[in-house]
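Trainee: Could we go through this model together before I use it for anything? I'd like to know what can be read from it and where to be careful.

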Amino acid sequence: MRNKRGKFPYRRMLSSLLLPLVFCLLTFFFYPTIASSQQENENEELLVLPGEMGRSGGRLIVSLRAEPKTLNPVTSTDAPSRDVIGAMQADLVHINRATQLTEPALARSWKVSADGLQYTLKLRTGIKFSDGHPMDADDVLFTFRVYLDEKVHATQRDFLIVGGKPISVRKLDAHTLVFQLTKPYGAGERLFDGFYILPRHLLEQPYREGKFDQAGTLVTAASAWAGLGPFRLKEYIAGQRLVLERNPYYWRADLKGNRLPYLDEIVFLFVPSADAQVLRFQSGEADVISRLSAENYAVLSRQQRAYTMVDAGPGLEYNFLFFNLNDSIEKTSPEMLGKQKWFRSVKFRQAVSAAVDREAIVRLVYQGRGAPLWGPVTPGNRRWVNASIAHPARSLDRARALLKEAGFSWSNGPSGDSALIDPDGKAVDFSLLTSSSNADRAKMATLVQDDLKQLGMHVQVVPMEFRSLIDRVMQTKEYDACLLGLVSFDADPTADMNVWLSSGGTHLWNPSEAHPATPWEAEIDRLMERQLAAPGYEERKKLYDRLQEILAEEQPMIFLASPDILVGAKTVIGNFHPSVLEPYVLWNVEQLFFRNGPENDRR
Amino acid sequence: MKLQSSLTRWLVVLGVLHGVVACAGFLAPYDPTSQDRKSPYLPPMRIHLVDAQGHLQVRPFVYPLSLREGTFDQYREDTTRQERLWFFVSGDRYSLFGFLPCRLHFFGIENTRGYLLGSDGYGRDQLSRILYGTQISLLAGLAGAGLTVLIGLCIGGVAGYYGGWRDDALMRVTELFLALPWLYLLFALRAFLPLAVNPLEAFFLIVGVIGTVGWGRPARLVRGVVLSAKERDFVRAARGFGATDGYLFRRHILPETSSVLLTQAAILVPQFVLAEMTLSFLGLGVPEPVPSLGNLLSNLQQYSVLASYWWMYLPALIMVPFFLGYLGLASTLQKRGDAYKIERADFGSLP
């Protein structure tokens with residue numbers, strides 16, 4: 001390198017002499033403190049994580065689609081909050097996003113009683129919150145008391161109600177807890193994932209005073225908030241950014257015993273639009289990007305520079321079309337009853353399914369970066385997908401044959417196109433709701449509309465604001481058909497309990513039924529209940545496979561496609577192993593690090 | 001004389017443009033809703049006269065584009081196949097001017113679908129969609145303008161002619177309408193209407209909504225003209241001879257307003273076409289798969305489309321000659337109106 005100024009060459013000499021000197025001094029001053037902190041935590045049980053050995057330091061910049069609404073894990077519902085909280089909190093047992101299996105976290109080990117009703121968890125010793133306060137069984141007791149308290153309105157509360165009764169927690173000693181269930185729970189210790197252990201020393205008082213929802217908001221001072229995750233709050237600037245810093249008390253270490261995380265800081269920037277996020281990532285202002293659309297992924301891959309783009313394969317999102325099968329609509333119009341006659345016909349639904357061109361959806365909507373679906377379990381959910389479900393290719397002939405069997409016929413319209421006529425002589429036309437804010441689903445709806453036109457069905461696509469759409473589907477039930485997508489939060493079937501149980505609130509085609517409306521819905525109920533109680537994976541898988549078969553046969557939902565999880569990161573970031581489960585990139589945030597490189601030196 | 005010829009010129013220009021759009025079915029090679037899912041975002045095909053070997057061909061032809069393996073929107077020209085362009089071919093069924101069932105198209109391409117202006121994300125022919133879309137948007141603009149001028153004439157005429165409290169009341173209402181933030185009013189109006197409307201209903205809704213919102217200005221203008229007209233000597237003379245209100249209005253006052261009304265109409269048509277485009281752009285207009293200009297442009301809301309496929313901008317350009325035509329016509333009409341007045345004023349001052 002040439003000295004540009006040229007006039008003062010001694011400056012360089014001076015600095016090259018000074019730097020090592022400063023470094024030596026620094027080591028001299030700081031060494032004793034490092035040593036003493038290690039001494040202090042002698043009985044601390046660090047959890048060693050396998051993975052590439054990293055390098056400490058650096059600041060990771062992540063852009064979020066919106067500002068997180070809260071830092072309180074109990075009351076959070078939105079994705080940005082979840083992303084931020086995930087980096088600040090820890091749970092007892094954690095689902096490894098890569099293997100999709102459980103692994104010990106704050107609980108060192110757990111034992112399940114023979115009847116499957118009692119879980120005995122042993123906590124790690126010497127663990128501290130990010131403010132240095134020690135964690136013990138009382139924090140866990142407090143945590144579950146809060147999650148179970150109806151007044152707190154915890155979003156995850158339902159998962160703690162197993163078999164109609166809340167689970168109870170008991171403390172054996174300072175590091176041992178017993179969780180008592182009234183019914184066996186199939187997913188087992190997966191239950192504990194996502195129940196972040198709260199700092200009792202900070203939250204007990206607000207909880208007692210009934211001010212729990214005011215704790216852990218964004219305006220909370222960094223010193224008044226703590227967690228057990230790899231990072232802790234540093235600063236929040238409204239409308240701009242949220243900065244987290246390294247938690248010096250974190251309880252995970254790498255293979256050489258270095259305490260994680262490697263990064264010094266994470267900066268969450270608030271970048272409202274997907275396109276703006278792409279631009280930031282492109283210009284190097286953000287280090288990682290997730291939840292990319294296929295179009296943006298293609299743009300970024302084409303002009304690949306100093307970043308790696310990864311197609312992690314289909315995630316757990318499944319998009320589908322369903323018809324209004326509600327039987328409890330208050331003021332059902334005769335017109336609606338006539339339409340429901342079609343929708344209730346299995347052959348009609350099968351015909352629609354046979355006519356839908358799933359390959360085209362994947363190609364045109366996801367630019368080929370997705371998977372066609374014939375069931376709710378995506379290929380990304382390797383452990384639970386029923387591989388024997390048939391994947392019939394699109395066939396208009398089969399669709400027409402099915403409709404004919406169900407008594408439908410065709411008439412020649414005035415302009416030469418044939419219209420489908422039902423057994424009562426009425427032309428088949430219905431509207432299809434879709435969320436106006438989701439371009440992908442709007443596109444799917446247009447494709448489905450054209451597919452069904454070829455069967456003589458007249459479909460009108462109605463784009464609608466998401467909230468009013470949900471209101472129509474769940475509350476007023478005034479709709480014909482709807483195109484929606486769901487994302488399972490976990491690979492385990494229990495995650496979708498609410499969708500498949502006929503009494504479930506997300507049983508979209510007929511929510512919260514008092515009694516199963518059809519024999520097959522009753523069978524699905526039984527299967528879901530049985531898989532919940534069944535002891536082993538093998539048996540549960542068999543039951544869940546059967547459920548997938550019923551869905552494929554009865555087609556209450558016509559499954560369309562699942563998008564791939566598309567993410568990217570700068571090449572200098574080590575341990576970048578995106579998963580198909582949320583949070584796609586940041587799930588191993590404690591292990592992410594900046595490799596040696598010019599990029600990193602600049603930092 | 002000069003004005004007369006420029007008026008004729010603008011009328012011819014507009015006549016030709018509207019003729020083209022009215023014959024959309026004939027000029028468009030395909031049905032605007034038919035999808036070719038193998039060719040999303042296909043770039044415009046080039047029409048060749050000279051082939052890859054440098055030989056001149058008698059008949060224009062295109063080289064078909066085929067998707068590159070493993071890509072979503074990358075095409076290459078297949079120079080081994082020449083697909084010739086034929087004129088006056090039989091193709092998709094359509095109805096000319098909305099009622100004549102017909103199959104004859106102006107041109108077509110052998111063995112393949114030809115996309116002279118590219119295709120959209122579903123492989124629909126952009127040229128056909130633009131032609132049909134312009135038809136709908138223009139029709140909405142024309143009908144909206146007609147409705148507005150009619151309402152404006154009635155209200156302005158009554159207010160100006162009768163005056164007094166009727167004038168006050170009507171003009172306050174007009175001012176209210178002028179002061180309304182009309183775009184948001186359109187949103188609100190559209191939101192109250194049923195969601196699942198078929199394309200035809202949606203079209204009439206748009207026309208109705210645009211027409212009822214925009215009548216304020218023409219009404220005020222008409223009122224002004226009527227106010228001055230009714231005080232003219234010949235009108236007063238006619239009234240003195242016992243002419244009825246209806247006769248006066250029809251025979252003497254209405255002709256006075258014609259130049260103002262025509263000018264207004266010529267200004268309003270492009271405005272209302274834009275209004276329709278805005279509504280459809282925001283998803284409140286004619287629903288998919290029926291094309292309208294706003295509908296076609298709404299694809300550009302996606303950044304990737306904006307950045308990658310330039311031919312998706314064409315629907316915006318297509319309106320430029322129309323708007324120029326209408327504004328040219330409006331300014332000529334205005335000049336003509338003024339000249340007419342001056343001429344008459346001169347005549348009136350002669351001894």
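What follows is a short chat about confidence, one sheet, the contact between chains and chain B.

Mentor: This is a predicted model, in which local features need pLDDT of at least 70 and side-chain atom pairs count only at pLDDT 80 or more, while totals for chains, interfaces and linings use all residues. Residues are numbered from 1 along each chain as its sequence is written, and chains are lettered from A and ligands numbered from 1 in the order in which they are written.

Trainee: What is the mean pLDDT of chain A?

Mentor: Chain A has a mean pLDDT (the predictor's confidence in each residue, from 0 to 100) of 85, and 90% of its residues reach 70 or more. Over residues 1–40 of chain A, however, the pLDDT is below 50, and this stretch has 2 contacts beyond near neighbours in sequence, a contact being two residues whose C-beta atoms, placed from the backbone, lie within 7 Å. Residues 598–603 of chain A also stay under 50, with 10 contacts beyond four places in sequence. Where pLDDT is low, the predicted coordinates should not be read in detail.

Trainee: OK, new topic: what is the strand order in the open sheet of chain A?

Mentor: The order of its 4 strands is S5-S6-S10-S9, with antiparallel pairing; strands (E, at least two residues) and helices (H or I, at least four) are DSSP runs numbered from the N terminus, and two strands pair if DSSP finds at least two bridges between them. The edge strands of chain A are S5 (107–112) and S9 (168–173), each pairing on one side only.

Trainee: How many bridges join S9(A) to S10(A)?

Mentor: There are 5 bridges between S9(A) and S10(A), residues 176–180, and Val169(A) has Phe179(A) as its bridge partner in S10(A). Helix H3 (137–148) of chain A lies across S6, S9 and S10 of chain A, at about 170 degrees to S9(A), where axes are lines fitted to C-alpha atoms, for helices over the stretch in contact, and angles run from 0 to 180 degrees between N-to-C directions.

Trainee: And how many residues does each chain bring to the contact?

Mentor: Chain A brings 24 residues and chain B 19. On the side of chain A that touches chain B, H11(A) gives the most, with 6 residues.

Trainee: Last one: how much of chain B counts as buried?

Mentor: Of its 351 residues, 36% count as buried, that is, with 20 or more other C-beta atoms, placed from the backbone, within 10 Å of their own. Chain B has 12 helices and 6 strands.

Methods. A residue is buried if 20 or more other C-beta atoms lie within 10 Å of its own, exposed if 12 or fewer, and partly exposed in between; C-beta atoms are placed from the backbone.
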